[in-house]
Amino acid sequence: DTFGDIDTTKIKLTELFCEERSGFIWACLNPDIKYDLDEWMNGFDSELRDIDLKNWHLFKSIKINGPMWKICWDGYTDGYHHHMVHPETVGKNTIVNLIAHDTYGPHQRFAFGLKNINELSDIEEKDWEPENHLRLIHSVFPNSSISAIQNQHCLVSIIFPTPDLQGTITTQYILCLKEPKTQEEIKEAENFAELSRAAIIDEDYPINFKIQETIHSKANTEFLFGKNEPIQQHYHNWIEKLCNK
């Protein structure tokens with residue numbers, strides 16, 4: 001009461017569009033934009049609901065400094081580098097030239113075959129457990145990736161550009177299907193977290209920073225995505241589509 005007579009409607013926090021759905025909080029950082037989440041998700045939210053992340057346990061999260069957004073994000077939509085960049089981590093069991101790809105407006109779901117996928121030929125289809133033979137990734141446009149749902153662990157990466165657009169900040173979330181309580185469960189979660197950290201910090205981003213350095217040399221004026229790179233093509237076609245609106 002002693003602060004003085006003020007109009008609280010004029011000093012409130014900036015209100016942003018915000019809605020909770022499919023285990024995520026969706027927000028738009030521009031206060032002047034309010035959008036229809038049903039239209040934006042284009043049915044992709046039902047795919048995210050199937051993962052049921054709202055009931056998973058958040059084990060830990062870290063923030064990672066990364067390269068500029070385009071170089072950074074292309075790595076999250078590419079599988080062909082796995083056997084070269086990640087031979088002893090996430091690429092150890094991945095078949096890099098076998099991809100299933102579905103799109104939902106700007107969003108994408110894709111899966112890489114694992115090297116044990118031939119085992120399915122000896123198993124009745126009704127008994128298949130796809131998560132044991134596929135690496136499934138949900139790519140939420142424009143900056144979120146849900147991947148490595150295996151052994152009851154999941155990696156969620158959300159990427160934002162730095163204000164000068166020359167770098168990115170990645171928040172890496174490690175989720176467990178159930179809260180790890182035993183020493184063995186905690187160790188398994190820690191091992192998954194370390195694998196996810198190493199793949200990005202020790203393997204992906206160092207190469208990406210080198211790519212960024214060479215781009216500034218202007219030795220190349222354009223870059224071409226091949227027919228075997230539909231995920232990157234779809235992403236950048238949507239970037240161009242929205243920028244030209």
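Which residues of the largest nonpolar core touch the most other members? In this predicted model, they are Trp26, Leu48, Leu53, Ile146, Cys154 and Val156, out of 18 residues in that core. Two or more residues each come from strand S2 (24–27), helix H1 (37–41), helix H2 (44–51) and strand S8 (153–161).

Let me take one member, Leu53. If we set aside its neighbours within four places in sequence, Leu53 is in contact with Phe24, Ile146, Cys154, Val156 and Leu175. There is another core, lying apart from the largest one. That other core has 10 residues, and Cys72, Phe141, Ile159 and Trp238 are among them.

Before going on, the chain as a whole. The chain has six helices and nine strands. The C-alpha trace spans about 75 × 55 × 35 Å along its principal axes. Of the 245 residues, 39% are buried. The exposed surface of the chain comes to about 15,500 Å², and carbon and sulfur atoms supply 52% of that. As for contacts between residues at least 6 apart in sequence, 57% join residues at least 24 apart.

Next, a single residue on strand S9. Thr170 sits in that strand, which covers residues 168–176. Is Thr170 buried or exposed? Its relative accessible area is 0%, and buried means under 20%, so Thr170 counts as buried. What does Thr170 touch, not counting residues up to four places away in sequence? The list is Ile62, Lys63, Ile64, Cys72, Tyr76, Ser157, Ile158, Ile159 and Tyr205. Two of those names, Cys72 and Ile159, came up a moment ago as members of the 10-residue core. With Tyr205 there is also a polar contact, side chain to side chain, of 2.7 Å.

Last, helix H6, residues 230–243. Helix H6 has 14 residues, and from its first C-alpha to its last it reaches 20 Å, close to the 20 Å expected at 1.5 Å a residue. Which residues of H6 are buried? They are Ile231, Gln232, His234, Tyr235, His236 and Trp238. Trp238 is the one I listed earlier in the 10-residue core. The cover over these buried residues includes helix H3 (69–76), strand S4 (94–104) and strand S5 (107–114).

To recap: a largest core of 18 residues, another core of 10 residues apart from it, a buried Thr170 in strand S9, and a helix H6 with buried residues covered in part by H3, S4 and S5.

Definitions and conventions:
Residues are numbered from 1 along each chain as its sequence is written. This is a predicted model: local features need pLDDT of at least 70, side-chain atom pairs count only at pLDDT 80 or more; totals for chains, interfaces and linings use all residues. Side-chain values use heavy atoms; hydrogens and water are left out. A nonpolar core is a set of buried Ala, Val, Leu, Ile, Met, Phe, Trp, Tyr and Cys residues joined through side-chain atoms within 4.5 Å. Buried means under 20% relative accessible area, exposed over 50%, partly exposed in between (1.4 Å probe, protein chains only). Helices (H or I, at least four residues) and strands (E, at least two) are DSSP runs, numbered from the N terminus. Contact means heavy atoms within 4.5 Å. A polar contact is a pair of N or O atoms within 3.5 Å; within protein, one must be able to donate a hydrogen and the other to accept it, and residues adjacent in sequence count only if both atoms are side-chain atoms. The expected span of a helix is 1.5 Å times one less than its number of residues. Accessible areas come from the Shrake-Rupley method with a 1.4 Å probe; for residues, only the protein chains shown count as cover.
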